[in-house]
Amino acid sequence: MKILVIYYSLDGNTKFISEKIAESIGADILELKPKKELVPASGFLRYFWGGRQAIMGGKPELESLEKNCADYDLVFLGTPVWALKYAPPVNTFFSNVKLENKKIALFCCHGGAPGGTLNKMKKRLAGNEFVGAIDFREPLKHDKEAEAKRAAEWARGIAMN
Ligand SMILES: Cc1cc2nc3c(=O)[nH]c(=O)nc-3n(C[C@H](O)[C@H](O)[C@H](O)COP(=O)(O)O)c2cc1C
């Protein structure tokens, strides 16, 4: 079974979890990279602009994808939570790439209020089989190693089925 971990990450939390998942099951990994910076590097305005883009359904242009998703049987897809939903680069991905008949496992990183992010992703991925969903609260700030272990165990449980 070919496995791909796809993610977007602004501050490194989702990247950290994605890399742990990929390492633990020997999966390929694909980062969604916007062509331009989406938000200011710091300050309150980054939440304002980022949240606004998420709410308005923004679709920032992405660098071309280095993997062909059609080649994979199982896809792990991870996002940071922005304004209680998936981040705009993931919205672009949903519009540009049609995933069908895949096994899909979803994960997100958040600051304590994930809202319905994972369910909102499921709606965009109708036509696939959902095999797992998990969330992490800013793992780089809260017991990084324990969260890495939790991510790896979760991923192994899915990949072995
Ligand atoms: C624009 C923006 C909006 C955010 N909105 C939420 C939110 O609605 N709920 C929440 O729990 N955390 C929110 N956060 C916090 C991030 O989800 C959290 O820090 C996450 O771990 C970031 O992942 P990353 O390091 O992979 O970018 C927001 C962060 C940003 C930058």
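In this predicted model, the shell around the ligand draws at least two residues from each of four elements: helix H1 (13-25), helix H2 (45-55), strand E3 (74-82) and strand E5. Of these contributors, H2 gives the most, with 4 residues. In total, 21 residues surround the ligand. The closest of them are Ser9, Asn13, Thr14, Val81 and Glu138. As for the site itself, the space that the ligand takes is the largest pocket.

Turning to the polar contacts, several backbone atoms come into view. A polar backbone atom of Gly111 lies 2.8 Å from an oxygen atom of the ligand, and a backbone N or O atom of Gly12 is found 3.1 Å from a ligand oxygen atom. Ala83, in turn, places a polar backbone atom 3.0 Å from a nitrogen atom of the ligand. Taken alone, the ligand would expose 640 Å², and the protein buries 90% of that area.

It is worth following E5 a little further, since this strand also has a place in the surrounding fold. E5 (residues 103-110) pairs with strand E6 (residues 129-137) in the parallel sense, and the pairing runs over 8 bridges. Within this pairing, Ala105 has Gly132 of E6 as its bridge partner. The two strands are joined with helix H4 (residues 117-124) in a β-α-β unit, which is right-handed. E5 thus appears twice in this description: as a supplier of at least two residues to the ligand shell, and as a strand of the β-α-β unit with H4 and E6.

Note on methods:
Residues numbered from 1 in each chain as written. Predicted model: local features only at pLDDT ≥ 70, side-chain atom pairs only at ≥ 80, totals over all residues. Heavy atoms only, no water. Pairing = 2+ DSSP bridges. Right-handed = clockwise from strand over helix to strand, strands pointing away. Near = heavy atom within 4 Å. Polar contact = N/O pair within 3.5 Å; in protein donor to acceptor, adjacent residues only side chain to side chain. Areas by Shrake-Rupley, 256 points an atom, 1.4 Å probe, with all protein chains shown as cover. 1 Å grid on protein atoms, 1.4 Å probe; cavity = no way out; pocket = protein on both sides within 12 Å on 5 of 7 lines; lining within 4 Å. Sits in = over half its atoms within 2 Å of the grid points.
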